[in-house]
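Trainee: I have just opened this model and would like a quick tour. May I go through it by asking questions?

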Amino acid sequence: MVLAQRVRDARRARVWIPLGYSGGWGEYAQAELGISRAQAYRLIDIAESAEGLSRAIGAAGVLTTVSPAGDTGATGLIDLGATL
């Protein structure tokens, strides 16, 4: 997930321009990241989807805490009144 976020941030910041990549985003992705332009865009889509899900979960109040690995503690879940 971190890679996807960093690729998204690099695209947003247009980092290839000050680095002198006249071939644009695709040339930067290949040279600096070792991936194709299409792969870079797929990573950006992943980052955007994860960000949207995170906002939706937060807005719904379903989870209060989520670790970077996506784990939650029992305290982060809504009590639905179920007993085991």
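**Helices, core and salt bridges**

Trainee: What is the relative accessible area of R12?
Mentor: R12 counts as exposed, that is, over 50% relative accessible area; buried is under 20%, and partly exposed lies in between (1.4 Å probe, protein chains only). This is a predicted model: local features need pLDDT of at least 70, side-chain atom pairs count only at pLDDT 80 or more, and totals for chains, interfaces and linings use all residues. Residues are numbered from 1 along each chain as its sequence is written, and side-chain values use heavy atoms, leaving out hydrogens and water. For exposed R12, the value is 51%.

Trainee: Which residue forms a salt bridge with R12?
Mentor: A salt bridge needs a side-chain nitrogen of Lys or Arg within 4 Å of a carboxyl oxygen of Asp or Glu. Here the closest N and O atoms are 2.8 Å apart, and the partner of R12 is E48.

Trainee: How many residues apart in sequence are E48 and R12?
Mentor: Start with the bridge between E48 and R12. Helices are DSSP runs of H or I with at least four residues, numbered from the N terminus. E48 lies in helix α3 and R12 in helix α1, so the pair ties together parts whose separation in residues is 36.

Trainee: How far does α1 reach from its first C-alpha to its last?
Mentor: Helix α1 covers residues 2-13, 12 residues in total. The expected span is 1.5 Å times one less than the number of residues. For α1 the expected value is 16 Å, and its reach is close to that, at 16 Å.

Trainee: Which residues of α1 are exposed on the face turned away from its buried side?
Mentor: Find the buried side first: A4, V7, R8 and A10. They cover an arc of only 160° (taken from the directions from the helix axis to the C-beta atoms), which puts them on the same side of α1. The face turned away carries R6, R12 and A13.

Trainee: Which helices do the buried residues of α1 pack against?
Mentor: Contact here means heavy atoms within 4.5 Å. By that rule, the buried residues of α1 pack against residues 24-33 and 37-60, which are α2 and α3.

Trainee: Which helix gives the most residues to the largest nonpolar core?
Mentor: Such a core is a set of buried Ala, Val, Leu, Ile, Met, Phe, Trp, Tyr and Cys residues joined through side-chain atoms within 4.5 Å. The largest one has 13 residues, and V7, W16, W25, Y28, I35, A40 and L43 touch the most other members. α1, α2 and α3 each supply at least two residues. With four residues, the top contributor is α3.

Trainee: What is the phi of R14?
Mentor: R14 sits in the loop between α1 and α2. Most residues other than glycine have a negative phi. R14 has a positive value, near 55°.

Trainee: Which residue in helix α1 is linked to E51 by a salt bridge?
Mentor: The side chains meet at 2.7 Å, N to O. E51 lies in helix α3, and its partner is 43 residues apart. E51 counts as partly exposed at 27% relative accessibility. The partner counts as buried at 8%, and is R8.

Trainee: Which residues are linked in a network of salt bridges?
Mentor: The structure holds four salt bridges. R55 and E51 form one, with the closest N and O atoms 3.3 Å apart; being four residues apart in helix α3, they are separated by about one helical turn. The network links R8, D9, E51 and R55.
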